[in-house]
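Me: I should like to go through the terms used for this structure and ask what each of them rests on. Please set each value against its criterion.

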Amino acid sequence: MGLGRLLAEADAPGGRRSGSTASSSPPENKVQSPSTSTAADNLGERVRIKLIDSIGATLSDSNMSQDELRRQVSDELERLIAQENLPLTDIERNKLVGAVASDVLGFGPIEPLLEDDDVSEIMVNGTDAIYVERAGKIEMTDIRFRTEAHLRQVINRIVAAIGRRVDESSPMVDARLADGSRVNAVVPPLAVDGSSLTIRKFAKQALQAGDLVRIGAITQQSLTVMRACVLAHLNVVVSGGTGSGKTTFLNMLSSFIGADERIVTIEDAVELKLMQRHVIRLECRPPNVEGKGAVTTRDLLKNTLRMRPDRIIVGECRGGEALDMLQAMNTGHDGSLTTLHANSPRDATRRLETMVLYAGFEIPQRAIREQISGAVDIICQLERLRNGRRVVTSITEVVGMEGEHITLNELFAFDHEEGVLKATGVRPQCADKLAKHGVVIDAEALEN
């Protein structure tokens, strides 16, 4: 009996399977039956134990490259599977070899999801509830981990690659994979129902301006205006909710920066992929097991001001670094870019106010608002729509102060009925700043 038939009979009532796989899109909100049967688990576990007994020392050989190690593991697995005397087809044998090799060397059952370019996010809620995001929609897969220990093994393998650890004394960790994908893990006792793992993947090739226009995230008309704003060294804040595409949009905006400018980026975990050569990438460092040695965004931002930057790009403002960012924008570091979490341009200004207070200084509210109105020129609001599309819903100019309030001037607004970003017809007051840098916006780009 072949492995495929063995799996099928063990997996579904009446000897039939539903036929769903990890790469197919299961019906929304419908729990899929596990695709890996007990029989397959037992076979894979037997082969894995034999593999470790056979070449266990080789697995930790630092002199071997990953390609050489994977090749040796695959060859040994082929030999061990042949000893089982099961009439497997080539497809079944290759599938088993790949699964065990991924288990021993890679990221176990989620490795195919990491290699699937259509998957943008992987969400592991314990051993038997693994979800993915495809095209902005969340689906449940039919993949599972064997045990909690199996899931923890994969989590430890991920965080160990960057010198981090996760255990009962340090049960939460933020990490990143070699390709820049962002990883968050929470383990018991904080994760009551079993370890949780979230991986936000990033495209192997960063989306360019033309790509965002093609998929409808922004119009060519509004893109022309944003390009002019970046070229003219206006300070831009990209605002939006979680998963709205802020980092992707920030990366696209950075592509308009000139090749002759010195750029310094500051991020919690390196995600931006700038095309320019004159770039210095700085990454925060968490505290060690003794709670010491942390390097925060504020620390890096203060040091950046001594590095003669032409442009400062902060991956995300989420605390007291907002004050340092505003001061940098107000003291000659024009053309800075950053992102923050907020639901509208107005909320973005309020969030900035709150974050400035995190710096620990007693600053009058009006003084904070004056700093914001003097520093920030443009707020781009992003949103993920109910159909999964990520779009720019507003491009708003920060005009100044009117009494005690920050005045905003919306240049582009999203028409939800037509599903497109449209110009409001309002002339931007930053036109003088643009002209000073020799940048002129075509009047047609601002016509509704």
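Me: What makes E10 and E11 a pair, and in which sense do they run, parallel or antiparallel?

Reply: In this predicted model, E10 and E11 are joined by 2 bridges in the parallel sense. Pairing requires at least two bridges, so the criterion is met. Within this pair, Val-314 has Thr-338 of E11 as its bridge partner. The chain passes from E10 through H11 to E11, a β-α-β crossover that is right-handed.

Me: How do you know that E7 also pairs with E11?

Reply: Strand E7, residues 236–240, is linked to E11 by 5 bridges, and the two run parallel. At least two bridges are needed, so E7 and E11 count as paired. One of the positions involved is Ser-239, whose bridge partner in E11 is Leu-340.

Me: Why is E11 described as largely enclosed by the rest of the structure?

Reply: Strand E11 covers residues 337–341, and 4 of these 5 residues are buried; it is therefore largely enclosed. Buried here stands for a relative accessible area under 20%. For the chain as a whole, buried residues account for 48% of the 448 residues.

Me: Why is Lys-246 called buried or exposed, and what does its side chain reach?

Reply: The relative accessibility of Lys-246 is 8%, which is under the 20% limit, so the residue counts as buried. Lys-246 belongs to helix H9, residues 246–254. Its side chain reaches the backbone oxygen of Gly-241 at 2.9 Å. Beyond its neighbours within four places in sequence, Lys-246 is in contact with Val-238, Ser-239, Gly-240, Gly-241, Thr-339, Leu-340, His-341 and Leu-382. The C-alpha atoms of Lys-246 and Thr-339 are 6.6 Å apart, although 93 residues separate them in sequence.

Me: How do you know whether Thr-396 is buried or exposed?

Reply: Thr-396 has a relative accessible area of 3%, under the 20% limit, and is therefore buried. This residue lies in strand E13, residues 390–402. Its contacts, not counting residues up to four places away in sequence, include Pro-345, Asp-377, Ile-379, Leu-408 and Leu-411. Ser-344 lies 52 residues from Thr-396 along the chain, with 9.8 Å between their C-alpha atoms.

Me: What makes the approach of Thr-396 to Ser-394 a polar contact?

Reply: The side chains of Thr-396 and Ser-394 are joined at 2.8 Å. The limit for a pair of N or O atoms is 3.5 Å, so this distance falls within it.

Me: How is the link between Arg-200 and Glu-121 classified?

Reply: The side chains of Arg-200 and Glu-121 make a polar contact of 3.5 Å. Arg-200 is located in strand E6, residues 196–200. Setting aside neighbours within four places in sequence, the residues in contact with Arg-200 are Ser-120, Glu-121, Ser-181, Arg-182, Thr-242 and Gly-243.

Me: How do you know on which side of H10 its buried residues lie?

Reply: In H10, residues 297–304, the buried residues are Thr-297, Arg-298, Leu-300, Leu-301 and Thr-304. These cover an arc of only 165 degrees around the axis, so they are on the same side of H10. An α-helix has 3.6 residues a turn, so residues three or four places apart point the same way. The buried residues of H10 pack against strands E8, E9 and E10 and against helix H11.

Me: What makes the backbone at Ala-135 and Arg-308 worth noting?

Reply: Phi of Ala-135 is near 50 degrees, a positive value in a residue other than glycine. Arg-308 likewise has a positive phi, near 55 degrees. Most residues other than glycine have a negative phi. Ala-135 is in the loop between E2 and E3, and Arg-308 is in the loop between H10 and E10.

Me: Why are Ala-135 and Arg-308 called buried or exposed?

Reply: Exposed requires over 50% relative accessible area. Ala-135 has 66% and therefore counts as exposed. Arg-308, with 57%, is exposed as well.

Me: What kind of peptide bond joins Pro-188 and Pro-189, cis or trans?

Reply: Omega is about 10 degrees, and the bond is cis. Most peptide bonds are trans. Pro-189 lies in the loop between E5 and E6.

Key. Residues are numbered from 1 along each chain as its sequence is written. This is a predicted model: local features need pLDDT of at least 70, side-chain atom pairs count only at pLDDT 80 or more; totals for chains, interfaces and linings use all residues. Side-chain values use heavy atoms; hydrogens and water are left out. Helices (H or I, at least four residues) and strands (E, at least two) are DSSP runs, numbered from the N terminus. Buried means under 20% relative accessible area, exposed over 50%, partly exposed in between (1.4 Å probe, protein chains only). Contact means heavy atoms within 4.5 Å. A polar contact is a pair of N or O atoms within 3.5 Å; within protein, one must be able to donate a hydrogen and the other to accept it, and residues adjacent in sequence count only if both atoms are side-chain atoms. The arc is that of the directions from the helix axis to the C-beta atoms. A crossover is right-handed if, with the strands pointing away from the viewer, the path from the first strand over the helix to the second runs clockwise.
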